[in-house]
Amino acid sequence: MKALRVLSIVLPFSVSATVPAMAGVNVNSPSTGDQVSSPFKLSAWATSCSSHNVTAMGYSFDSSSDTTIIDGQSIDMSINGPSGHHTLHVKAWADGHACVEDLDIDVSSGGSGGSPSIIIPADAVSVSHLEAMSGWSVQHDHGASGSASGSTKVVSSPSLSGSAREFETEFSNNGDERYSLSFSDDTSAQNFFYDAWVYVTSSSSHIGNLEFDTNQTMPDEKTVMFGIV
């Protein structure tokens with residue numbers, strides 16, 4: 001199995017606010033009638049839908065069947081929207097019940113071609129080009145079944161920037177391999193933005209799962225793991 005990823009980590013994740021419980025979908029921003037520039041911030045929450053506890057939320061545009069779903073009772077993120085006048089459907093689900101709040105908004109493009117810009121605070125501390133750093137560790141995950149071994153190196157192709165890190169794993173019986181790197185030393189950091197590009201070869205049919213984690217050690221020496229599977 002081969003998997004390539006280029007990582008760029010900046011310090012800021014989104015933070016959700018604690019709010020009192022109300023029924024239905026509650027949208028903090030945007031408001032209906034707003035003119036927004038893509039990407040724009042969607043902030044919404046719901047704790048109850050049809051008298052049942054909300055377990056997931058999501059959003060979609062107009063009559064599209066493409067719905068983004070987020071586990072939990074809140075959404076606080078930057079989203080991309082097509083240019084023009086649209087209806088934004090903000091949704092919540094609870095035990096088979098669905099609640100929706102519809103917003104009429106006007107969306108303008110946030111950039112000139114290419115991918116929209118990602119909103120990151122100007123004073124964020126950036127740790128970039130992790131793929132080129134030395135000190136990468138390779139270790140078999142003994143918590144899983146089977147066996148595995150791996151290796152990693154920097155390659156120029158395939159890549160988006162001329163430099164990427166290749167991860168090559170040999171395994172049997174569904175074995176797992178971990179690749180990790182220690183970087184930065186800021187125990188006071190609280191918000192994180194994780195940016196990764198992943199290229200998978202034709203061996204993808206043998207991959208059961210890819211997991212990308214960022215661990216943060218806090219001043220009390222406890223460690224929090226942010227995992228994306």
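How many disulfides does a search of the whole structure find? One, and we'll get to it shortly. Keep in mind as you click around that this is a predicted model.

**The whole chain**

Start with everything shown as a cartoon. You'll see strands and no helices: the secondary structure comes to zero helices and 19 strands. Now switch to a surface. The chain exposes about 13600 Å², with carbon and sulfur atoms supplying 48% of that area. Of the 229 residues in the chain, 31% are buried.

**The disulfide**

Select Cys49 and Cys99 and show their side chains. Their sulfur atoms sit 2.1 Å apart, forming the disulfide. Colour the strands around the pair and you'll find Cys49 in strand 5 (residues 48–49) and Cys99 in strand 11 (residues 97–109). The two cysteines are 50 residues apart, so the pair links distant parts of the chain. Are they buried or exposed? Both Cys49 and Cys99 are buried. Before moving on, check the torsion about the S-S bond: at about 100°, it makes this disulfide right-handed.

**The largest nonpolar core**

Next, pick Phe40, Met57, Leu88, Val90 and Ile105. These belong to the largest nonpolar core, a group of 21 residues, and they touch the most other members. Which elements give two or more residues to this core? Highlight strand 4 (40–45), strand 7 (56–61), strand 9 (74–79), strand 10 (84–94) and strand 11.

Stay on Phe40 and bring up what surrounds it. Leaving aside neighbours within four places in sequence, Phe40 is in contact with Pro30, Phe61, Met77, Ser78, Ile79, Gly81, Leu88, Ile105 and Val107. Leu88 and Ile105 are on that contact list, and you've already selected both as core members.

**A second core**

Now jump along the chain to Val127, Leu130, Phe167 and Leu181. They are among the six residues of a second, separate core.

**A three-stranded sheet**

For the last stop, go back to strand 4 and add strands 2 and 9. What is the order of the strands in this open sheet? Reading across, it runs 2-4-9, with antiparallel pairing. Strand 2 (26–29) and strand 9 are the edge strands, each pairing on one side only. Turn the view to look along the sheet: the twist averages 20° from one strand to the next.

Zoom in on strands 2 and 4, which pair in the antiparallel sense over three bridges. To finish, select Ser29 and look straight across: Ser43 in strand 4 stands opposite.

Methods. Residues numbered from 1 in each chain as written. Predicted model: local features only at pLDDT ≥ 70, side-chain atom pairs only at ≥ 80, totals over all residues. Heavy atoms only, no water. Disulfide = S-S within 2.5 Å. Helix = DSSP H or I, 4+ residues; strand = E, 2+ residues; numbered from the N terminus. Buried < 20%, exposed > 50% of the residue type's maximum accessible area, 1.4 Å probe, protein only. Areas by Shrake-Rupley, 256 points an atom, 1.4 Å probe, with all protein chains shown as cover. Core = buried A, V, L, I, M, F, W, Y, C linked by side-chain atoms within 4.5 Å. Contact = heavy atoms within 4.5 Å. Pairing = 2+ DSSP bridges. Axes fitted to C-alpha atoms, helices over the stretch in contact; angles between N-to-C directions.
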